[in-house]
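Trainee: Before I use any of these labels in a talk, can we go through them one by one? I'd like to hear what stands behind each word.

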Amino acid sequence: MPEEQTNTSNITLKGTTAVTGLVMGVARVYSRGNININPDPVDEARLPEEKTKFEQARKAVGATMERLSDFAHSRNDSDTRDILNAQHGILNDPELEIMVHQAIDERSVRAEKAIYDAFQHYIDLIKASEKSFLMSRLSDLRDVRDRLINNVQQLGMIASFGKNAVMVAEDVSPIEVITFARNGVKGIVCTSGGLTSHASIIANAMGIPMIIDAKSAMRTLRDGDTIILDGYGNVVIACPDEEMTSSYTRMIKKYKEEEKRLRHVIDKPSETACGTRILLQANIDFEEEVLNIEKYRAEGIGLLRTDTLLMNSGPLTMDRKRQEEFCQTAFSGSGSSQVTIRLLDVGGDKLLNIKAKESNPFLGWRGVRILLDRRELLLSQLEAICRVAGRYPGRTRILVPMVSNLEEFLEVKRELAGMQKNLQKKGVPVDPNIVLGIMVEVPSVALQIRLYAEHVDFLSIGTNDLTQYTLAVDRGNSLIASLYQPMHPAVLTFIAMTVNAGAEFHVPVAVCGELASEPFAALVLAGLGVRELSMTPRLIPKVKQALRLYHIPEMKKLSDAAMNCLTTDELKRIKSDWLAGYKEKLKKQQAD
Ligand code: PEP
Ligand code: MG
């Protein structure tokens with residue numbers, strides 16, 4: 001299929017599916033960068049709303065600046081910090097608020113126009129003064145202005161998208177995906193992005209189909225176009241004609257029926273055809289997802305990402321009570337099963353705006369590195385977890401992210417022991433049996449895995465990062481997306497080494513990266529000896545269905561074949577042969 005057809009109907013764009021699904025909706029072109037001021041006045045009744053928009057934008061931009069300034073401080077970057085502090089001063093200038101409110105009240109303009117004019121007033125004053133030291137402040141002023149206006153426009157834009165929106169954007173951040181999800185967006189199309197970028201992971205968790213790398217989307221698709229996002233066929237179709245619309249309507253119906261059929265497996269035991277138990281746990285990012293644990297019969301939580309707690313707040317601090325609430329919800333939503341709480345893993349692509357300050361954020365200040373530098377964050381997390389764990393003895397696992405040397409783990413272990421002792425002294429009930437493990441996601445750890453296995457209580461393999469660090473392929477970069485191969489023999493070798501070390505030292509080994517949620521990959525992982533898989537709960541039935549149809553020796557054959565692939569094509573062939581056989585098995589099962 002050509003990359004782009006430019007008829008007036010059935011405009012078809014190729015992309016790569018990051019989250020499968022099929023939806024039909026209305027294209028909403030979303031851009032952070034453009035500042036187009038609407039000068040038209042608004043009804044008097046809307047004026048208070050415009051003022052609220054300004055206040056909300058001021059708060060949000062202020063929080064981002066504080067976070068950036070905090071980050072600059074931690075890097076001893078006093079220049080950046082000074083600029084940000086000056087910008088913060090502008091933002092909080094009472095004069096700015098007066099001018100914006102006055103413009104809204106007296107001229108009935110929108111918040112964006114009022115902000116623009118207020119800043120223009122400052123800019124004109126500086127220009128008239130002709131003082132060179134003030135001239136250098138102009139770009140700071142414009143930057144604050146643009147951030148405010150962008151924010152105001154986005155607030156209005158997202159709220160007005162309506163439930164049928166399919167977002168079309170260059171790229172989206174994790175926080176934007178959360179905002180989309182909370183506003184009922186149906187699908188996301190991006191011109192760039194990565195399959196396991198955190199934005200994709202969150203879209204997956206939220207069940208929002210997403211296509212990335214649809215290169216010409218921003219040029220070709222127009223706001224308001226009817227759009228079909230076909231995550232099964234890796235295409236986006238705009239302005240479908242009648243025939244195309246009814247063909248896709250039929251397809252949507254078919255997929256819905258298939259989903260229904262999959263429900264038969266939900267209550268079946270999670271075991272292979274030969275009776276080997278495979279623990280299927282949930283990856284949870286948000287409180288909203290906790291209900292899915294029971295719905296899809298996940299056996300506990302294999303990965304509770306706590307990062308969203310920080311993304312929702314402003315500066316680099318976490319409210320302990322809020323963390324306790326989140327953990328409490330996780331425990332009460334998972335019956336009597338295990339809850340694996342991962343310590344904060346921000347950095348990389350997960351700390352909005354800050355990534356620009358590091359040239360290699362994925363190799364930078366991330367995960368446990370931040371926690372050990374900002375000890376108060378680590379202690380606050382450990383305290384929140386230990387307090388809640390005390391109420392649910394025997395169920396807590398703590399997972400340390402982005403470990404790249406043993407000392408990091410040992411240091412967290414010391415802090416955990418100290419925290420438990422302190423709480424005990426204060427009379428707070430604690431669970432002495434909390435277990436502590438690490439994410440295996442950095443090659444140095446996988447290479448020396450026996451050393452770690454001696455010290456940790458469990459290991460959880462993060463294939464998303466392990467792949468990017470092993471193959472030196474940024475997980476969020478669409479230019480090299482085809483090189484991002486989580487089933488590359490090098491990655492599988494690291495997984496096999498980890499499983500073997502786990503068996504030798506009697507340490508449980510789980511896989512919690514996205515790989516665990518693909519049926520074919522799940523079989524390969526089970527063939528390598530993995531017995532715990534953790535994934536977005538709604539994908540559990542599909543994986544369980546596959547596991548139940550194969551025997552361990554068959555899975556071992558698949559994993560041997562995958563480990564010995566010399567080329568990507570070879571792996572593709574093995575997978576498509578398997579798929580053909582799998583479809584047959586499913587057909588037979590349905591017929592029986
Ligand atoms: C991983 O790296 O595989 C993982 C599960 O963690 P995250 O995707 O949050 O980095
Ligand atoms: Mg990771």
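Mentor: What follows takes the labels in turn, and keep in mind that this is a predicted model.

Trainee: Let's start with the sheets. What makes strands 9-10-11-12-13-14-15-16 a barrel, open or closed?

Mentor: The 8 strands run in that order and the barrel is closed, with parallel pairing. Neighbouring strands there are turned by 25° against each other on average, ignoring direction.

Trainee: How do you know that strand 9 and strand 10 count as a pair?

Mentor: Two strands pair if there are at least two bridges between them. Strand 9, residues 279-284, has 3 bridges to strand 10 in the parallel sense, so the pair passes the cut-off. For a spot to look at, N283 stands opposite L303 in strand 10.

Trainee: And the other sheet, 1-8-7-3-4-5-6-2: is it open or closed?

Mentor: That one is open, made of 8 strands with mixed pairing. Strand 1 (11-14) and strand 2 (16-19) are at the edges with a single partner strand each, so one side of each has no neighbour in the sheet. From one strand to the next, the twist averages 30°.

Trainee: Which strand is joined to strand 3 by 5 bridges, and do the two run parallel or antiparallel?

Mentor: Strand 7, residues 226-230, and the two run antiparallel. Strand 3 covers residues 22-30, and its V23 stands opposite L229 in strand 7.

Trainee: What makes you say that helix 8 packs on this sheet?

Mentor: Helix 8 (residues 198-205) touches strand 2, strand 5 (187-190) and strand 6 (210-212). Touching here means heavy atoms within 4.5 Å. The direction of helix 8 makes about 60° with that of strand 2. Helix 10 (residues 242-262) packs on the sheet as well, touching strand 3, strand 7 and strand 8 (235-238), and its direction makes about 115° with that of strand 3.

Trainee: Now the empty space. Why is the largest cavity called a cavity and not a pocket?

Mentor: Because a 1.4 Å probe fits there but cannot get out, whereas a pocket is an open set. The structure holds 6 cavities of 30 Å³ or more, and the largest has about 80 Å³ of space.

Trainee: Which residues lie nearest the centre of the largest cavity?

Mentor: R305, R342, M439, E441 and N464, out of 16 lining residues. By class, the lining has 3 nonpolar, 5 polar and 8 charged residues. Helix 19 gives the largest share, 3 residues, and strand 10 (301-305) supplies at least two.

Trainee: Which domains each give at least three residues to that lining?

Mentor: Domain 3 (270-276 + 441-592) and domain 4 (300-438). The assignment also gives domain 1 (11-30 + 158-243) and domain 2 (44-152). Between the centres of domain 1 and domain 4 there are 32 Å, taken over C-alpha atoms.

Trainee: Last one: which residues is P489 in contact with, leaving aside its neighbours within four places in sequence?

Mentor: A562, M563 and C565. P489 lies in helix 20, residues 489-505. P489 and V23 are 466 residues apart in sequence and 35 Å apart in space, C-alpha to C-alpha. A contact needs heavy atoms within 4.5 Å.

Key:
Residues numbered from 1 in each chain as written. Chains lettered and ligands numbered in written order. Predicted model: local features only at pLDDT ≥ 70, side-chain atom pairs only at ≥ 80, totals over all residues. Heavy atoms only, no water. 1 Å grid on protein atoms, 1.4 Å probe; cavity = no way out; pocket = protein on both sides within 12 Å on 5 of 7 lines; lining within 4 Å. Points joined across faces, edges and corners; volume = space filled by probe spheres on them. Helix = DSSP H or I, 4+ residues; strand = E, 2+ residues; numbered from the N terminus. Nonpolar A, V, L, I, M, F, W, Y, C, P; charged D, E, K, R; others polar. Domains from an automatic or database assignment. Axes fitted to C-alpha atoms, helices over the stretch in contact; angles between N-to-C directions.
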